[in-house]
Amino acid sequence: MKNPVTYADWIILFDRFGNGDDTVLQEMNSGSFDLDAGTALRFYTKAEEAYKTRKKLWLERFQRSFETLNIKSADDFGVVLLTGKKNLSSLSGFAKAKGLPEDLKTALQKDLEAFVAELKESLKKNLPKGGIDKEKMLLSISSFRLPENIEKNSGNLNNSQEKNITAHRKIIF
């Protein structure tokens, strides 16, 4: 694994990430890039393109899961949300990659938080009007948020830290 430091290195990582390769997150966390007037705009544009491509891919998969899975209960609904949340970890990891400039990370993180908030509102509006499971579904939607422990996905934790984090997780349906 080579630490990305040049514009060309980063563009390759952005393209791989945009095409669904999550292994680049670890490389992005160990890399760096010094922005200059000639590459700054192109760097930011390529990063944004990769991010938007992956966000679109995530949304398509999330919508397809509602169409393909036969959701008959609040538990089924919760499983779809849990899977969607888990799959958001790649986008969250990208938005927090240590090798990216701070202002870019801030902009990506704000966009991702707004995206999740908008998604939650849309899910609430499209719930059935009545039914026994509506309250459970509302609880599931309320607990839907960005994954908090993305460092685990990028391989930066040792085994004892990983066990500690795993021991404190709670899943609410």
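What follows is a walk through a predicted model of the protein, from its overall make-up to one of its helices.

The fold is built from helices: there are eight of them and zero strands, so the order from the N terminus simply reads α-α-α-α-α-α-α-α. Of the 173 residues, 36% are buried. Among contacts with a separation of 6 or more, 69% link residues 24 or more positions apart. The accessible surface adds up to about 10,400 Å², and carbon and sulfur atoms hold 51% of that.

How far can the model be trusted? The mean pLDDT is 83, with 83% of residues at 70 or more. Confidence peaks in helix α1 (residues 7-18), at a mean of 95, and bottoms out in helix α8 (residues 159-167), at 40. Across residues 150-173 the pLDDT sits below 50, and this stretch makes 28 contacts in the model beyond near neighbours in sequence.

Helix α3 (residues 40-68) gets a closer look. With 29 residues at 1.5 Å each, α3 should span 42 Å, and because its end C-alpha atoms lie 42 Å apart, the expectation and the model agree. Which residues of α3 are buried? They are F43, A47, A50, Y51, R54, K55, W58, F62 and S65. An α-helix has 3.6 residues a turn, so positions three or four places apart point the same way. The cover over the buried residues of α3 includes α1, α4 (74-95) and α5 (102-125). Of these covering helices, α1 is also where the confidence of the protein is highest.

Key
Residues numbered from 1 in each chain as written. Predicted model: local features only at pLDDT ≥ 70, side-chain atom pairs only at ≥ 80, totals over all residues. Heavy atoms only, no water. pLDDT = per-residue confidence, 0-100. Helix = DSSP H or I, 4+ residues; strand = E, 2+ residues; numbered from the N terminus. Contact = heavy atoms within 4.5 Å. Expected span 1.5 Å × (residues − 1). Buried < 20%, exposed > 50% of the residue type's maximum accessible area, 1.4 Å probe, protein only. Areas by Shrake-Rupley, 256 points an atom, 1.4 Å probe, with all protein chains shown as cover.
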